[in-house]
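Here are my comments on the model you sent. Please read them with the structure open.

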Amino acid sequence: MKRLSLLLVMIITICLSYAAIDEFYTFAPSTGTYTPITGTDAGISSDDAITAAAIPLGFSMPFGETSIDQIKISSNGWIDLGGTQTSSNLSNALASTTYRPVVAPLWDDISMSAGNVQYLMTGTAPNRVFTVQYTDAKWNYGGTNQFNFQVKLYETGKIEIIYGAATGTPSSASASIGINMAPGGSGWYYSVTPGTPATVSSTAENTTITTFPAQGTIYEFNPVVAVPNDLAAVSVTGSTTPTAGMLSNYVVTVRNRGSVPQSTYTVKLYRGA
């Protein structure tokens, strides 16, 4: 009997190329006002510490194709979105496939032994904000310095990193700033290079930041607004050599990234010719 060889070129191409972090977030540097909060102490006023238990946000924040409702905070200047990490990890690694998803306002060997980390949820649904504040952080514990910065997680999905006052000079500094998301690796992070203006890369992590951003600097990561109709076939399973004239079953997973629910659509499989 004849057998057909299905290349499935269109579907496989879509599966391999449809997504990266820039499909979900854009980057916008700006300036504003650093406003300190008074909240709950995270209990990590020490060196190389991470919160023992996950901290509820009080709301669900969309992040890529997932939702975040809890976090953990590392004293080394990064926040675990999801609250599953167990190590404080002083080695900045935005390009990691293991330490993700994270927000890293200043990922380096940082000590909070002379300061504190607090968190506070403010606002009302659907516009609540969860703020994490590092106060008097030592950028490398051997230095005589103090740095202040915040991360704001918005119920809408927006993320802000805001820098406050700083004194002294960092000691042996080599930090990363940015965000990443699953599955991690190239294309799935934004690594910030401070400047005027600041820039980001999703393929080359800047792990050598030595200068604290100026007071009032804001790095904003905004969710990409979905278009109304945006369907993609993301996986297909079934025989690649079906018998001509006989029924063959295939399972195709269809992803809806658009803003409109979809119930009527057609999936077509093509042979090489």
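The points below cover confidence, one strand and its partners, one asparagine, the aromatic rings and the nonpolar cores.

1. Confidence. This is a predicted model. The protein chain has an average pLDDT of 91, and 93% of the residues reach at least 70. The stretch to treat separately is residues 5–17, where pLDDT stays under 50. The model still gives this stretch 27 contacts beyond four places in sequence. Where pLDDT is low, predicted coordinates should not be read in detail.

2. Strand β9. This strand spans residues 129–139, and ten of its eleven residues are buried. Strand β8 (residues 116–122) pairs with β9 in the antiparallel sense over seven bridges. In that pairing N116 stands opposite T135. Strand β10 (residues 145–154) is also antiparallel to β9 and is joined to it by seven bridges. Here Y134 of β9 faces F149 of β10 across the pairing, the two standing opposite each other. A further antiparallel pairing, over two bridges, links β9 to strand β7 (residues 110–111). S111 has K138 in β9 as its bridge partner.

3. The two turns. β8 and β9 form a hairpin with six residues between them. In its turn, G123 has a positive phi of about 90°. β9 and β10 form a hairpin with five residues between them. The turn residue N140 has a positive phi of about 65°.

4. N145. Is this residue, located in strand β10, buried or exposed? N145 counts as buried because its relative accessibility is 2%, and the cut-off is under 20%. What does its side chain reach? There is a distance of 2.9 Å from the side chain of N145 to the backbone nitrogen of W139. A polar atom of the same side chain lies 2.9 Å from the backbone oxygen of T169. Leaving aside neighbours within four places in sequence, the residues in contact with N145 include A137, K138, N140, T167, G168, P170 and S171.

5. Aromatic pairs. The structure holds 16 of these. One is Y119 with F130: the ring centres are 5.6 Å apart and the planes are at 20°, so the pair is stacked. Y119 lies in β8 and F130 in β9, so the pair ties together parts that are eleven residues apart in sequence. Y119 is buried at 18% relative accessibility, and F130 is buried at 2%. Another pair is Y163 with Y219, with centres 5.6 Å apart and planes at 70°, so this pair is edge-to-face. Y163 belongs to strand β11 (residues 159–168) and Y219 to strand β15 (residues 217–223), so parts 56 residues apart in sequence are tied together. Y163 is buried at a relative accessible area of 0%, and Y219 is buried at 3%.

6. Aromatic cluster. Ten residues need not be listed in full here: one aromatic cluster includes Y134, W139, F149, Y163, Y219 and F221.

7. Nonpolar cores. Which residues have the most contacts inside the largest nonpolar core? They are I71, I73, L153 and F221, in a core of 48 residues. Not counting residues up to four places away in sequence, I73 touches residues including A42, I44, I50, W78, I79, V117, Y119, V132 and Y134. A second, separate core has nine residues, among them W78, L94, A104 and Y189. In soluble globular proteins, nonpolar side chains tend to be buried together.

Terms used: Residues are numbered from 1 along each chain as its sequence is written. This is a predicted model: local features need pLDDT of at least 70, side-chain atom pairs count only at pLDDT 80 or more; totals for chains, interfaces and linings use all residues. Side-chain values use heavy atoms; hydrogens and water are left out. A nonpolar core is a set of buried Ala, Val, Leu, Ile, Met, Phe, Trp, Tyr and Cys residues joined through side-chain atoms within 4.5 Å. Buried means under 20% relative accessible area, exposed over 50%, partly exposed in between (1.4 Å probe, protein chains only). Contact means heavy atoms within 4.5 Å. pLDDT is the predictor's confidence in each residue, from 0 to 100. Helices (H or I, at least four residues) and strands (E, at least two) are DSSP runs, numbered from the N terminus. Two strands pair if DSSP finds at least two bridges between them. A polar contact is a pair of N or O atoms within 3.5 Å; within protein, one must be able to donate a hydrogen and the other to accept it, and residues adjacent in sequence count only if both atoms are side-chain atoms. Rings of Phe, Tyr and Trp (its six-membered ring) pair if their centres lie within 6.5 Å; planes under 30 degrees apart count as stacked, over 60 as edge-to-face and the rest as tilted.
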